[in-house]
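Okay, thanks for making room for me today. Let me put the thing on the screen and then walk you through it.

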Amino acid sequence: MNIFKTILTTILLVVSSASLAEVSVIVNPANSDAFDEKTIKRIYLGKIKAFANGDKVTVLTLTDDAPETELFRQSALNKSNSQFKSYWSKLAFTGKGTPPTEVANSADMINAIKSDAASIGFVDSSAVTGDVKVIATF
């Protein structure tokens with residue numbers, strides 16, 4: 001009976017910690033634009049190509065195999081990874097857009113955002129540092 005309780009407790013801890021995972025959408029602290037969920041979605045789907053100040057948006061994404069990527073795309077864009085890739089393949093093929101630039105990991109994402117005031121990206125909320133500004137959490 002003790003082993004059963006231990007296994008059950010372990011399973012519950014794993015499931016609850018996975019459900020607590022959050023993704024933060026981040027920009028450079030110098031970016032003073034106002035963002036809402038609709039704006040973020042439009043940026044990631046290539047419908048907004050510049051910030052209010054006229055700077056062309058540099059859209060960054062983590063690699064498809066990063067857990068944060070699937071969470072972000074499902075929560076913010078209502079798309080799976082394959083739907084997102086398909087969407088951007090069509091736009092790129094027709095010359096109507098360039099897909100977001102892939103970044104290897106959260107540290108690289110934060111460094112890229114920190115060095116480019118016109119960039120937007122996302123990371124696991126636990127990876128956020130003072131070098132970036134969080135504009136939304138999913």
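So, first thing: over which residues does pLDDT stay under 50? That's residues 8-18, and for that stretch the model has zero contacts beyond four places in sequence. This is a predicted model, remember. Where pLDDT is low, the predicted coordinates shouldn't be read in detail. As for the chain as a whole, the mean pLDDT is 90, with 86% of residues at 70 or more.

Right, on to the sheet. It's an open one, five strands in the order 3-2-4-1-5, and the pairing is mixed. At the edges you've got strand 3, residues 101-103, and strand 5, residues 133-137. Each of those has a single partner strand, so one side of each goes without a neighbour in the sheet. On average, neighbouring strands here are turned by 30° against each other, if you ignore direction.

Let me zoom in on one pairing. Strand 1, residues 23-27, runs antiparallel to strand 5, and the two share four bridges. If you want something to click on, take Val25: its bridge partner in strand 5 is Ala136.

Now, what packs on this sheet? Helix 2, residues 37-44, does, and it touches strand 1, strand 2 (58-62), strand 4 (119-124) and strand 5. The direction of helix 2 makes about 105° with that of strand 4. Then there's helix 5, residues 106-115, which lies across strands 1, 2, 3 and 4. Helix 5 runs at about 155° to strand 4.

Okay, aromatics. How many aromatic pairs does the structure hold? Six. I'll show you two.

Start with Phe72 and Phe122. Why do we call that pair stacked? The ring centres are 4.3 Å apart and the planes sit at 15°, and stacked means planes under 30 degrees apart, so it qualifies. Phe72 is in helix 3 (residues 67-77) while Phe122 is in strand 4, so the pair ties together parts that are 50 residues apart in sequence. And are these two buried or exposed? Buried, both of them.

Phe72 has another partner, Phe138, and this time the geometry is edge-to-face: 6.1 Å centre to centre, with 80° between the planes. That pair also links distant parts of the chain, since Phe138 sits in the segment after strand 5, 66 residues away from Phe72 in helix 3. Phe138 is buried as well, like Phe72.

Put Tyr44 alongside Phe72, Phe122 and Phe138, and you have one aromatic cluster. That's my tour, thanks.

Conventions. Residues numbered from 1 in each chain as written. Predicted model: local features only at pLDDT ≥ 70, side-chain atom pairs only at ≥ 80, totals over all residues. Heavy atoms only, no water. Pairing = 2+ DSSP bridges. Axes fitted to C-alpha atoms, helices over the stretch in contact; angles between N-to-C directions. Contact = heavy atoms within 4.5 Å. Phe/Tyr/Trp six-rings, centres within 6.5 Å; stacked < 30°, edge-to-face > 60°. Buried < 20%, exposed > 50% of the residue type's maximum accessible area, 1.4 Å probe, protein only. pLDDT = per-residue confidence, 0-100.
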